[in-house]
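Me: I'd like to learn how to read empty space and strand order in a model. Can you walk me through it?

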Amino acid sequence: MKSVTPILRIFDVEFAKDFYLNFLGFSIDWEHRYGENFPLYCQVSKGNCILHLSEHFGDASPGTTLRIEVEGIEHFHKTLISKDYKYAKPGLEMADWGDAELRLGDPFGNKLVFYEKK
């Protein structure tokens, strides 16, 4: 086996881009639509983390939780807080098992848990 690429359901392209690109710092790798006035399917990435975002019915269910390992979680946390994003003010917590965790909900009900093993 190799890597896993999760698909996350989105409902508003501009809100998704604001959250994933402007707030979290991902980049768009590619976008696909079957034609004008069709739903968006795209790939975003940051470092080795690759996510697919889809407006298509049936591609994914809102409410998915992802655990994303990061290096330098304190710096990542400070970067996010400094953006003063209206919809998320994440905290940084130590889990009982020792990982540092930053938990966020995206605008579509998906949960992202960024963590660093300590």
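Me: Which helix gives the most to the lining of the largest cavity, and with how many residues?

Reply: Keep in mind that this is a predicted model. The general idea first: rolling a probe the size of a water molecule over the atoms shows where empty space is left. Here, helix 1 gives the most to the lining of the largest cavity, namely five residues. Strand 3 (41–46), like helix 1 (13–23), supplies at least two.

Me: How many cavities of 30 Å³ or more does a search of the whole structure find?

Reply: Just one cavity turns up at that cut-off, and its volume is about 60 Å³.

Me: How do the lining residues divide into nonpolar, polar and charged?

Reply: You get ten nonpolar, no polar and one charged. Among the residues lining the cavity are I10, V13, K17, Y20, L40 and L53.

Me: On to the sheet. What is the strand order in the open sheet of four strands?

Reply: Read across, the order is 5-8-7-6, and the pairing is mixed. Strand 5 (65–69) and strand 6 (93–94) each have a single partner strand, so they stand at the edges with one side left without a neighbour in the sheet.

Me: How many bridges join strand 7 to strand 8?

Reply: Six, linking residues 100–105 to residues 111–116, and the two strands run antiparallel. One pair to look up is G105 with its bridge partner K111 in strand 8. Helix 2 (residues 73–82) packs on this sheet, touching strand 7 and strand 8. The direction of helix 2 makes about 35° with that of strand 7.

Technical notes
Residues numbered from 1 in each chain as written. Predicted model: local features only at pLDDT ≥ 70, side-chain atom pairs only at ≥ 80, totals over all residues. Heavy atoms only, no water. 1 Å grid on protein atoms, 1.4 Å probe; cavity = no way out; pocket = protein on both sides within 12 Å on 5 of 7 lines; lining within 4 Å. Points joined across faces, edges and corners; volume = space filled by probe spheres on them. Nonpolar A, V, L, I, M, F, W, Y, C, P; charged D, E, K, R; others polar. Pairing = 2+ DSSP bridges. Contact = heavy atoms within 4.5 Å. Axes fitted to C-alpha atoms, helices over the stretch in contact; angles between N-to-C directions.
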